[in-house]
Amino acid sequence: MSDNNATLTVGGDAKDYGILSGSVGPKVIDVRKLYANTGMFTYDPGFTSTASCDSGLTYIDGDAGILLHRGYPIDQLAEQSSFMEVSYLLLNGELPSKKELEDFSNTITRHTMVHEQLTTFYRGFRRDAHPMAIMCGVVGALSAFYHDSTDINDPEQRKIASHRLIAKMPTIAAMAYKYSVGQPFVYPRNDLSYTANFLNMTFSVPAEEYVIDPVVVDAMDKIFTLHADHEQNASTSTVRLAGSSGANPFACIAAGIACLWGPAHGGANEAALNMLREIGTVDRIPEYIARAKNKDDPFRLMGFGHRVYKNYDPRATVMQKTAKDVLEKLGVNDPVFDVAKELEQIALNDPYFIEKKLYPNVDFYSGVILSAIGFPTEMFTVLFALARTVGWVAQWNEMISDPAQKIGRPRQLYTGPAQRDFIPVEKR
């Protein structure tokens, strides 16, 4: 292997394959000519060692606990920026000037209303329908209402579609919640910020004024920021794969929502909260720690470890402080948070967890925060989808703009029967 090439020898025949370097992170071996050279494919279930694209949006170093958006550390963005500013950054590549941020925020605000006829879609769902089922259907249906922004080859239409998706997702999500509890829909207000507007549409009722707590707004804005994008995860890859066929952006984002609904992806914070509630009190923690260490016990600690992060999740540090602020401001004396704090300290100092690098992740705290604010657990993944929409849209735009983009077509290792002749039914 040279600095610029890797040599692969198959059956005595050696071929060189180029090595590609990004700005940071591991180099990749370009195997696009592998099949033509060898008649073989690579085998990588889950694509754990495969770079499916090049991207300038998000970088993760799981071993070091680093998450960067366009080069900016996530903790700096969460503490010093806002979700609207991070959204602009992901879409455009650079942080906005004050004027650019004002214009962008105003544009998003002016797109928050949905077509009135779209509200009738909700009546087709049962009242006990999971809100993610509603999100999949309603978001996919947007393409039936906004024909003027479905031409993916027109940069201006892509821009308009991006703004519409980011703007309308809070409205659609709030309506899904309102429908589930039998309350009237609340229209968006242009005098409120993106996050405050969402909270108002979710929790206000016509009978009385809803007081928007700035501490809660700040917490929700941080949660949105921390979930805005996360490199080539399952749902983002789904959006890219759907988009590679030329599907309209609304259909692509609906596909991402469907993937996110899976408990292995978007349901982690709900699972973490349910685990904390199962433990119940601090004095029961040793019992559950022992169960977690027992490989024959089905119990597993949720909210610890991450498929990517092999160190402390950089988002968890922000969430820990935010959770404390929210519970103190709302006067919530929830034993679940006491369990969370004690469990975190035990896990961070226990040799078993250190050896296995089972550090608390962002889901460990976000579930506690969302529950304290008043969201039912079935809404947790909806909030994840709301925040991740900007990342999906930015990734989709990047893919469509890439001249090297091709339709996704993974290969397989076929293990079925070899060719055989058909036998008529009377002879079987």
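This report describes two sheets, two unusual backbone angles and a set of aromatic contacts in a predicted model.

**Sheets**

Strands of a sheet pair through backbone hydrogen bonds, and the pairing is either parallel or antiparallel. In one open sheet, 3 strands follow the order β1-β2-β3 with antiparallel pairing, and its edge strands, β1 (5–10) and β3 (28–29), each pair on one side only. Strand β2, which covers residues 13–20, is joined to β3 over 2 bridges in the antiparallel sense, and here L20 stands opposite V28 of β3.

Another open sheet, also of 3 strands, has the order β4-β5-β6 and antiparallel pairing; β4 (58–61) and β6 (72–73) are its edge strands, each pairing on one side only. Strand β5, made up of residues 66–69, pairs with β6 in the antiparallel sense over 2 bridges, and H69 has Y72 in β6 as its bridge partner.

**Positive phi angles**

Most residues other than glycine have a negative phi. F47, although not a glycine, has a positive phi of about 55°; this residue is found in the loop between α1 (34–38) and β4, and F47 is exposed, because its relative accessible area is 51% and the cut-off for that class is over 50%. R70, likewise a residue other than glycine, has a positive phi near 50°. R70 is found in the loop between β5 and β6, and with a relative accessible area of 25% R70 is partly exposed.

**Aromatic pairs and clusters**

A pair of aromatic rings is described by the distance of the centres and the angle of the planes. A search of the whole structure finds 18 aromatic pairs, among them the two in the table.

| Pair | Arrangement | Centre to centre | Angle between planes |
|---|---|---|---|
| Y35 and F41 | stacked | 4.8 Å | 25° |
| F364 and Y365 | edge-to-face | 4.9 Å | 85° |

In the stacked pair, Y35 counts as partly exposed at 46% relative accessibility, and F41 counts as partly exposed at 39%. In the edge-to-face pair, by contrast, both F364 and Y365 are buried. Ring pairs also link F83, Y177, Y194, F198, F203, Y210, F224 and F375 into a cluster.

**Arginines over ring faces**

Y35, which belongs to the stacked pair with F41, also has R411 over its face, at 5.8 Å from the ring centre. In a further contact of this kind, R127 lies over the face of Y179, at 4.1 Å from the ring centre.

How values were computed:
Residues numbered from 1 in each chain as written. Predicted model: local features only at pLDDT ≥ 70, side-chain atom pairs only at ≥ 80, totals over all residues. Heavy atoms only, no water. Pairing = 2+ DSSP bridges. Helix = DSSP H or I, 4+ residues; strand = E, 2+ residues; numbered from the N terminus. Buried < 20%, exposed > 50% of the residue type's maximum accessible area, 1.4 Å probe, protein only. Phe/Tyr/Trp six-rings, centres within 6.5 Å; stacked < 30°, edge-to-face > 60°. Lys NZ or Arg CZ within 6 Å of the ring centre and 35° of its normal.
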